[in-house]
2 protein chains.
Amino acid sequence: MHYRVGDFAALTGVTVRALQHYDRVGLLKPSRTESGHRIYSEADRQRVRHILALRSVGMSLQRIGEVLAAAPARLPEIFSAQRASLEEARTGIDEAIRTLERLAIEEDDASNTPSLLDRLSATVEMHGVLESMRGYFSEDAWKKWGEGYFTDWPSPAWRAVFRDIEAALDIDPASDRAQELLKRATTLWDAAIGSDSVLRRAVREGYGNAWNARDRWPRELQRRYAEFRVEAIGKFLGNAAMASWRRNGLIHTYTTGQRTSA
Amino acid sequence: MHYRVGDFAALTGVTVRALQHYDRVGLLKPSRTESGHRIYSEADRQRVRHILALRSVGMSLQRIGEVLAAAPARLPEIFSAQRASLEEARTGIDEAIRTLERLAIEEDDASNTPSLLDRLSATVEMHGVLESMRGYFSEDAWKKWGEGYFTDWPSPAWRAVFRDIEAALDIDPASDRAQELLKRATTLWDAAIGSDSVLRRAVREGYGNAWNARDRWPRELQRRYAEFRVEAIGKFLGNAAMASWRRNGLIHTYTTGQRTSA
DNA sequence: TCTTGATCCTGACCCAGCGTCAGGATTGAC
DNA sequence: GTCAATCCTGACGCTGGGTCAGGATCAAGA
């Protein structure tokens, strides 16, 4: 049995234009009459069934072409890859939905002073920052510490410390003022991490990873940090710590600690 | 502060080409220098933040333009609509994923005689049929009965009855042979529905809805039914039932039943 | 056999959201 | 003034077709 386009379209539920398109892109090439009219066979009907099925699980026409040309033994692998990409797409949608949900929740209780659009922007930007930081931490360290911590980074307390350090960048790292600033910073840091030693190490490691990759951070995050002269502040704290250890004869301990955590 | 495209692009994380595109479509129109170079302001920066946020929750550029022009009071409504459309998209993806999962499960145990592609096609087509039938039944009736029933419709038992009826279409509806065929059909039907009278009525109603709308069924389903001369079979069974009731003096009961179920 | 209406052909332009050249014009630092 | 960096516009590409438009072909009736 063979069909002309119109009949074949009605038969398969695909439009004539789509069939012509499939023909043009080489996905389904029927035979032709002498004058050029398309003639579809039963085999074409099977092929179009497969095309529709693959399309309905989200494959592009190009990929469908590849799949139909692939060895049947490779199909399971292809399908599971497709499933993975569908799941990825779903998580993307889920994130968008969660963003909107959060907005709706806040809307109920909170002040409306920042506009909804501003709050949406802030949520989205924060989300982006979190996403980019997560990669640097172990899964455990991120869940227990990083997520909550970076959500409102830098916190007011950190801001205060940073501002004070910036005003003191040029003083002697061994001076009392410098040591006091160092102590404030380490105290804040200790308070944030807690006392679980495994977690402490994981966090230190993750933070180190993140810091070392700071020039690959996304713009938004770099801008957040650009509010302060972080490079200089980091250097200052490093120098102050060195001075402190030197003062207390703990250089050896520090070195060991470095090795362990690295 | 004002920026040129390149700087603004670096600042916002949007490419220059995208900014030019937004300009062309009227979404973000910066001011221009005399010679035509784009100059972006702080206000533009806010606007691009909003654009990015809205884009990240899945809105089209056109819609973003409308949203940015809309009254702030309408935003909650807009956002919840967006959420709804995201959820719809997600269910579509979920269905595709489930299709692939089912395929993977079958793959483990079953025979590989029909190719994976054929099985995928069958699954997808069945899914389409189920989707189209579901609308005709009450939610309850569908869950308890229709879903499982239509999954492999027509079953071998029904096929056998239909074939026998087709061979007997011209005989007298009141004849013993016709009455026997009617009894076989009603027995099958009763066995399928069970004895819950509420459910029985719901199913009867849903089936009636579906049958009355049979010329609006999707092709695939019509083709499934086209295997048999269903119209003639339906008529035959109707006539046989009429004859049966007439024979037993139950016409009144039948009429009442019709009213009740319609 | 001729006509007529239905069907079929191709090519061009349309949608979104940009990316990717290409060919010129401007800018800004030295 | 020069030269590189930056900017401009326009054209074409991508996906999966939809929507005309203008012609050719097919099938059936007169």
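The exercises below walk through a predicted model of two protein chains and two DNA strands, with a worked solution after each task.

Residues are numbered from 1 along each chain as its sequence is written, and chains are lettered from A and ligands numbered from 1 in the order in which they are written. As the model is predicted, local features need pLDDT of at least 70 and side-chain atom pairs count only at pLDDT 80 or more, while totals for chains, interfaces and linings use all residues.

**Exercise 1. Chain A as a whole**

Task: find how many helices and strands chain A has, and what share of its residues counts as buried.

Solution. Start with the secondary structure: chain A has 13 helices and three strands. Helices (H or I, at least four residues) and strands (E, at least two) are DSSP runs, numbered from the N terminus. Next, turn to burial: 19% of the 262 residues of chain A count as buried. A residue is buried if 20 or more other C-beta atoms lie within 10 Å of its own, exposed if 12 or fewer, and partly exposed in between, with C-beta atoms placed from the backbone. Last, take the contacts in chain A between residues at least 6 apart in sequence: 57% of them join residues at least 24 apart. Two residues are in contact if their C-beta atoms, placed from the backbone, lie within 7 Å.

**Exercise 2. The surfaces near the DNA**

Task: for DNA strand D, name the residues that come nearest, then do likewise for DNA strand C.

Solution. Begin with strand D. There are 20 residues around DNA strand D, and Ala18(A), Ser60(A), Leu61(A), Gly6(B) and Arg38(B) come nearest. The elements that give two or more residues to this surface are helix H2 (16–24) and helix H4 (61–69) of chain A, along with helix H1 (5–12) and helix H2 (16–24) of chain B. By class, the surface near DNA strand D has four nonpolar, eleven polar and five charged residues. Here Ala, Val, Leu, Ile, Met, Phe, Trp, Tyr, Cys and Pro count as nonpolar, Asp, Glu, Lys and Arg as charged, and the others, Gly among them, as polar. A residue is near a strand if its C-beta atom, placed from the backbone, lies within 6 Å of it.

Now move to strand C. Of the 21 residues around DNA strand C, those that come nearest are Arg4(A), Gly6(A), Arg38(A), Ser60(B) and Leu61(B). Helix H1 (5–12) and H2 of chain A, with H2 and helix H4 (61–69) of chain B, each supply at least two residues of the surface near DNA strand C. That surface divides into four nonpolar, eleven polar and six charged residues.

**Exercise 3. Where the chains meet**

Task: work out which helix of chain B gives the most to the side that touches chain A.

Solution. First, the totals: 37 residues of chain B are in contact with 36 residues of chain A. Four helices of chain B, H3 (42–56), H5 (75–109), H6 (116–134) and H11 (219–226), each supply at least two residues of that side. H5(B) gives the most, with 19 residues. The side of chain B that touches chain A divides into 20 nonpolar, nine polar and eight charged residues.

**Exercise 4. Helix H3 of chain A against H6 of chain B**

Task: describe how H3(A) and H6(B) pack.

Solution. Helix H3 (residues 42–56) of chain A and H6(B) pack at an angle of about 70°, with their axes 9 Å apart. Axes are lines fitted to C-alpha atoms, for helices over the stretch in contact, and angles run from 0 to 180 degrees between N-to-C directions. H3(A) and H6(B) are therefore roughly perpendicular to each other. Angles under 35 degrees count as roughly parallel, over 145 as roughly antiparallel, 65 to 115 as roughly perpendicular and the rest as oblique. Finally, list the residues: Arg49(A), His50(A), Leu52(A), Ala53(A) and Ser56(A) of H3(A) make the contact with Leu117(B), Leu120(B), Ser121(B) and Val124(B) of H6(B).

**Exercise 5. Two residues of chain B**

Task: decide whether Glu139(B) is buried or exposed, and place Lys235(B) in its helix.

Solution. Glu139(B) is found in helix H7 (residues 139–151) of chain B. Glu139(B) is exposed, with 9 other C-beta atoms within 10 Å. Lys235(B) lies in helix H12 (residues 230–248) of chain B. With 13 C-beta neighbours inside 10 Å, Lys235(B) counts as partly exposed. Lys235(B) and Leu169(B) are 66 residues apart in sequence and 9.2 Å apart in space, C-alpha to C-alpha.
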